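User: Could you take a close look at one part of this model for me, the parallel sheet and the helix that lies across it, and then at what surrounds them? I would like one connected account.

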Amino acid sequence: MHSSEYRNPAHLPDGHVLVVGAANSGAQIALDLARSRGVTLAGRAVGSMPRRLLGHDVFDWLQYTLLRPGADSITGRRMRAHILGGTDALIGLSERVLRVPGLRRVGRITEVKHGAPFVGAEQIRDVSCIICCTGYRPDYCWINLPVVDDRGHPRHERGVTRVPGLYFLGLRFQHRLNSSLLGGVGEDARFIADAVAARYGHTRYKTALNLRT
């Protein structure tokens, strides 16, 4: 199953579980499972950062520093290439925290032979369930309009598309590196709201807001 389907250990068949992918979802699910059964966590170490730093959430610092540059600035392009080229670091966890009874840590799954997963030459045996914590990809196939490029990403300028009345919000790197995070989406939301107001007229926009509230 994919990690999006995971609820708790009771919903899985009895026996050893293999968790594929050792970033945040994989590490958290593996720790949850290790309380009641044997679990193997497969994947490379992705690094870690603390949840809190000097009394504040780590993202309180990041959103005004490393994640603040515009996505198309020189710094932003470099940071974006670095982020896209890797996997998100563990937040509030570390490899040391994963050293608990019942949890076995191995490297990346390198191949599958006859339905059996291998890490190098070692076969992972006696697994009753595999949970794939392999991330997500956006899917806009339900939008039947010419707004998606060959890679499946929306064509837009700060969330504004060439299709009249169609806007996007919360996209990764929409305008800044933190556009898809709670700390950064507000700035994009204000920009989109202003674009909507300019298109439909300020009075009509205020009326629509009042109707919604």
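Analyst: What follows goes from the parallel sheet to its helix, then to a loop, the salt bridges and a second sheet. This is a predicted model, in which local features need pLDDT of at least 70 and side-chain atom pairs count only at pLDDT 80 or more, while totals for chains, interfaces and linings use all residues. Residues are numbered from 1 along each chain as its sequence is written, and side-chain values use heavy atoms, with hydrogens and water left out.

Four strands make up an open sheet in the order 7-2-1-11, and their pairing is parallel; helices (H or I, at least four residues) and strands (E, at least two) are DSSP runs, numbered from the N terminus, and two strands pair if DSSP finds at least two bridges between them. Strand 7 and strand 11 are the edge strands, each pairing on one side only. From one strand to the next, the twist averages 20 degrees, where axes are lines fitted to C-alpha atoms, for helices over the stretch in contact, and angles run from 0 to 180 degrees between N-to-C directions.

Going through the sheet pair by pair, strand 2 (residues 39-42) is joined to strand 7 in the parallel sense over four bridges, and here A42 stands opposite V106 of strand 7. Strand 1 and strand 2 likewise pair in the parallel sense, over four bridges, with T40 in strand 2 as the bridge partner of L18. Strand 1 and strand 11 run parallel and are joined by four bridges, and V19 has I131 in strand 11 as its bridge partner.

Helix 1 (residues 24-34) lies across strand 1 (17-20), strand 2, strand 7 and strand 11, and runs at about 170 degrees to strand 2. Strand 1, helix 1 and strand 2 together make a right-handed β-α-β unit; a crossover is right-handed if, with the strands pointing away from the viewer, the path from the first strand over the helix to the second runs clockwise. Why is helix 1 largely enclosed by the rest of the structure? The reason is that eight of its 11 residues are buried, where buried means under 20% relative accessible area, exposed over 50%, and partly exposed in between (1.4 Å probe, protein chains only). The buried residues are N24, G26, A27, I29, A30, L31, L33 and A34, and they pack against strand 1, strand 2, strand 6, strand 7 and strand 11, contact meaning heavy atoms within 4.5 Å.

The loop between strand 11 (129-132) and helix 4 (182-200) holds N178, and R176 has its place in the loop between strand 11 and helix 4 as well. N178 is buried, at a relative accessible area of 3%, and, leaving aside neighbours within four places in sequence, N178 is in contact with Q63, L67, G183, G184 and V185. R176 counts as buried at 18% relative accessibility, and its side chain makes a polar contact with the side chain of E187 (3.2 Å). A polar contact is a pair of N or O atoms within 3.5 Å; within protein, one must be able to donate a hydrogen and the other to accept it, and residues adjacent in sequence count only if both atoms are side-chain atoms. Not counting residues up to four places away in sequence, R176 touches L67, R68, P69, G70, A71 and E187.

The whole structure has six salt bridges, a salt bridge being a side-chain nitrogen of Lys or Arg within 4 Å of a carboxyl oxygen of Asp or Glu. One of them joins the side chains of R35 and D32 (2.7 Å, N to O); R35 is exposed at 68% relative accessibility, whereas D32 is partly exposed at 24%. R105 and E95 form a salt bridge with their closest N and O atoms 3.1 Å apart, and this pair links distant parts of the chain, with R105 in strand 7 (residues 103-106) and E95 in the loop between strand 6 (90-91) and strand 7, 10 residues apart. R105 is partly exposed at 27% relative accessibility, and E95 is partly exposed at 27%.

There is also an open sheet of three strands in the order 8-9-10, with antiparallel pairing. Strand 8 (111-113) and strand 10 (122-123) stand at its edges, each with a single partner strand, so one side of each is left without a neighbour in the sheet. Strand 8 and strand 9 (residues 116-119) run antiparallel and are joined by three bridges, with K113 opposite A116 in strand 9.
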